[in-house]
Amino acid sequence: MHKYSYGVRWSQEDQAFVAVCPEFPGLSAFGATPAAAIAELDVAIELAVETHQQEGWPLPAPRGLSPYSGQFRARVPPSLHAQLAQRAEEEGVSQNTLLVAYLAAGLAQASTEARCAGALEPAIAALHQAAGSLLTLSGAAPPPRSRGRKSA
């Protein structure tokens, strides 16, 4: 059994989870759940490996655990660099430490916002349906349903 990597994402267009294997470009599988998509991808990978072996093609090397070193370079405007340096000095930490803290806080906030939006969507839909029912009973037409979040 070969150990190939995979990624899973939701496809709004396909209304399914899509699993892909980066070592085999173009290879993908669909499922109603992430686990189902991964199970289908495992079958597709086995078939791809068999095909490669039958045709005498070299198999792609499995990726390592992490292709990331933990380092990256970012270019910022001089004014932002100055603000970061000043704030790091005020906090008594390095610019690197401050930047890592800001990135972690931003990612945590984005994750929380996404979870909250997902949790609120069913409640909003139920309220919209209830309001529409009340308006229909009163003889008024329900308002059109909006899609997605409105930008400020």
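The expected span of a helix is 1.5 Å times one less than its number of residues. With that in mind, helix α2 is a good place to begin in this predicted model. The helix covers residues 78-91, 14 residues in all, and reaches 20 Å from its first C-alpha to its last. That reach is close to the 20 Å expected at 1.5 Å a residue. Just after α2 comes Gly92, which takes a positive phi of about 75°.

Helix α2 also holds a charged pair. Arg87 and Glu91 form a salt bridge, and their closest N and O atoms are 3.2 Å apart. The two residues are separated by about one helical turn, because they stand four residues apart in α2. Arg87 is partly exposed, with a relative accessible area of 38%, and Glu91 is likewise partly exposed, at 46%. The salt-bridge count for the model comes to one.

Turning to the strands, β1 (residues 7-11) runs antiparallel to β2, and five bridges join the two. One of the pairings links Val8 to Ala19, its bridge partner in β2. Together β1 and β2 form a hairpin, with four residues between them. Within the turn, Gln15 has a positive phi of about 50°.

Ser11 gives a closer view of this region. This residue is found in strand β1. Its relative accessibility is 6%, so Ser11 counts as buried. The side chain of Ser11 makes a polar contact, at 2.9 Å, with the side chain of Asp14. Setting aside neighbours within four places in sequence, Ser11 is in contact with Ala16 and Val18.

Beyond the hairpin, the chain continues to another residue worth a visit, Glu23, which lies in the loop between β2 (16-20) and β3 (28-31). Glu23 is buried yet has no salt bridge. The nearest side chain of opposite charge belongs to Arg63, 4.6 Å away. A salt bridge needs a side-chain nitrogen of Lys or Arg within 4 Å of a carboxyl oxygen of Asp or Glu, which is why Glu23 and Arg63 do not count as one. Glu23 does have a polar partner: its side chain makes a polar contact with the side chain of Ser5, at 2.9 Å. Not counting residues up to four places away in sequence, Glu23 touches Tyr4, Ser5, Pro60, Ala61, Pro62 and Arg63. Ser5 and Arg63 thus appear among the residues that Glu23 touches.

Notes
Residues are numbered from 1 along each chain as its sequence is written. This is a predicted model: local features need pLDDT of at least 70, side-chain atom pairs count only at pLDDT 80 or more; totals for chains, interfaces and linings use all residues. Side-chain values use heavy atoms; hydrogens and water are left out. Buried means under 20% relative accessible area, exposed over 50%, partly exposed in between (1.4 Å probe, protein chains only). Lys and Arg count as positive and Asp and Glu as negative; His and the chain ends are not counted. A polar contact is a pair of N or O atoms within 3.5 Å; within protein, one must be able to donate a hydrogen and the other to accept it, and residues adjacent in sequence count only if both atoms are side-chain atoms. Contact means heavy atoms within 4.5 Å. Two strands pair if DSSP finds at least two bridges between them.
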